[in-house]
Amino acid sequence: MKNTFDFKKAISGITCILLFSFCLTAQKPNYDISKDLLLVQLDCKTDIDDLHTAAGLATLLNHPDYKHLNYYAVAGSYGIQEGLYVPPNELMKMAFKNNWTDADKEWEASVARVAKLVVKTIKNGGDVWVAEAGQSDFTADWVKQISNQNPSIKIKEHIHVVQHSDWNESVTEPTKLKYTQTVTDYHKIADGNAVGNGTPGLKSDGKVAWETKINDEKLTNIWNTAIRLGNQYNGKDGRYLNESVDEGGLDFSDLSEVCYILGLMEIKGTDQFFDYFQVK
């Protein structure tokens, strides 16, 4: 058989590879810690995983690399799912002091607070990155408010939303999901509940020896509070039963979105997370 080299096909193949590589690179976030804002929006309904996620975020913020990270947390940013709320206020106050808002009790006021922070960040030259640890209903509301009040702001250029859960999308009010996906720079990553799919997979099936790696009284209290509240509400009164937590494990899978935003996707599993953010 005659072995011939098709130059045109080779060039075409190389071009496709380069374009594919460019697309992958283009999807990677470029978070600028000096001027960008990280929004972590926790639905807290009806899974207790957001309690552990809040503790995980507090652990990350304690690390020297992220002590000056500009962030804001939201509790109660839920969608149209049924079931009871998991009250996180005790934990949120402990972990974030005044740097959070309660959308469950004050939805409209929380929308206004977040919109104000976002506009300030963008006008100061920064971008906003949203870790959608829940549904997009809340995001759609504050983005819409900004669009109406500040039409000159280029939403898609400056507001980046990261979602990891098909279920979260399914219980977002459909028009608000479509709006968020269309108007913002919307990133859909693999499910953070699993290891080996490109995310850290911050969910354990068994006990994690986090206490041996957190030599900090404040963080220890935060984790103990998150675990206590999680056990108090897990599966209670019709709430979702998180089986991993029920068996003594941890579930802060929603923090995978924060890891994506900050370029920490090389972390694999809960043990590695605590190794990475170990307090000595």
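A residue counts as buried here when its relative accessible area is under 20%. All the views below come from a predicted model.

**Figure 1. The whole chain, before we zoom in.** By the under-20% cut-off, 53% of the 280 residues are buried. The fold has 12 helices and 6 strands. With a radius of gyration of 20 Å, close to the 19 Å that the globule rule gives for 280 residues, the chain is as compact as a globular protein of that length. Along the principal axes, the C-alpha atoms fill a box of roughly 70 × 50 × 40 Å. Take the contacts between residues at least 6 apart in sequence: 80% of them join residues at least 24 apart. The accessible surface comes to about 13700 Å², and carbon and sulfur atoms account for 53% of that. As for charge, there are 29 positive and 38 negative side chains, with the centres of the two sets 7 Å apart.

**Figure 2. Helix α11, wrapped up by its surroundings.** This helix covers residues 255–262, and 8 of its 8 residues are buried, so the rest of the structure largely encloses it. The buried set takes in Leu-255, Val-258, Ile-261 and Leu-262, but also Ser-256, Glu-257, Cys-259 and Tyr-260. Right after the helix comes Gly-263, with a positive phi near 75°.

**Figure 3. Thr-53 and Leu-57, two buried residues of helix α2.** Leu-57 sits in α2, which runs over residues 49–61, and Thr-53 belongs to α2 as well. An α-helix has 3.6 residues a turn, so residues three or four places apart point the same way. How buried is Thr-53? Its relative accessibility is just 1%, against a cut-off of 20% for buried. Leu-57 is buried too, with a relative accessible area of 1%. Setting aside neighbours within four places in sequence, Thr-53 is in contact with Leu-42 and with the run Asp-251, Phe-252, Ser-253, Asp-254 and Leu-255. With residues up to four places away left out, Leu-57 touches Val-40, Phe-96 and Leu-255. So Leu-255, a buried residue of α11, turns up among the contacts of Thr-53 and among those of Leu-57. For a sense of scale, the C-alpha atoms of Leu-57 and Asp-127 are 20 Å apart, with their positions 70 residues apart along the chain.

**Figure 4. A cis peptide bond on the way into helix α2.** Where does Thr-46 lie? Look in the loop between β1 (37–42) and α2. The peptide bond that leads from Lys-45 to Thr-46 is cis, and its omega is near -5°.

**Figure 5. Glu-169, a buried acidic residue in helix α7.** Glu-169 is part of α7, which spans residues 166–170. Its relative accessible area is 16%, so it falls under the 20% cut-off and counts as buried. What does the Glu-169 side chain make a polar contact with? The partner is the side chain of Tyr-186, at 2.7 Å. Beyond neighbours within four places in sequence, Glu-169 is in contact with Gln-163, Leu-177, Gln-181, Tyr-186 and Lys-188. Asn-89 is well out of this view: Glu-169 and Asn-89 are 80 residues apart in sequence and 25 Å apart C-alpha to C-alpha.

**Figure 6. Two loop residues with positive phi.** Lys-97 isn't a glycine, yet its phi is positive at about 55°. This lysine is in the loop between α3 (89–96) and β3 (100–102). Buried or exposed? Lys-97 is exposed, at 58% relative accessibility. Asp-237 is another non-glycine residue with a positive phi, near 55°. Look for Asp-237 in the loop between α9 (217–233) and α10 (243–246). Asp-237 counts as exposed as well, at 65% relative accessibility.

**Figure 7. Asp-271 in helix α12, partly out in the open.** Asp-271 belongs to α12, which covers residues 269–276. Its relative accessible area is 43%, so it is partly exposed: over the 20% limit for buried but not over the 50% needed for exposed. Which residues is Asp-271 in contact with, once neighbours within four places in sequence are set aside? Those are Val-208 and Lys-213. Leu-202 is 69 residues away from Asp-271 along the chain, but their C-alpha atoms are separated by 8.8 Å.

Definitions and conventions:
Residues numbered from 1 in each chain as written. Heavy atoms only, no water. Helix = DSSP H or I, 4+ residues; strand = E, 2+ residues; numbered from the N terminus. Rg over C-alpha atoms; globule rule 2.2 N^0.38 Å. Buried < 20%, exposed > 50% of the residue type's maximum accessible area, 1.4 Å probe, protein only. Contact = heavy atoms within 4.5 Å. Areas by Shrake-Rupley, 256 points an atom, 1.4 Å probe, with all protein chains shown as cover. Lys, Arg positive; Asp, Glu negative; His and termini not counted. Charge placed at Lys NZ, Arg CZ, Asp CG, Glu CD. Polar contact = N/O pair within 3.5 Å; in protein donor to acceptor, adjacent residues only side chain to side chain.
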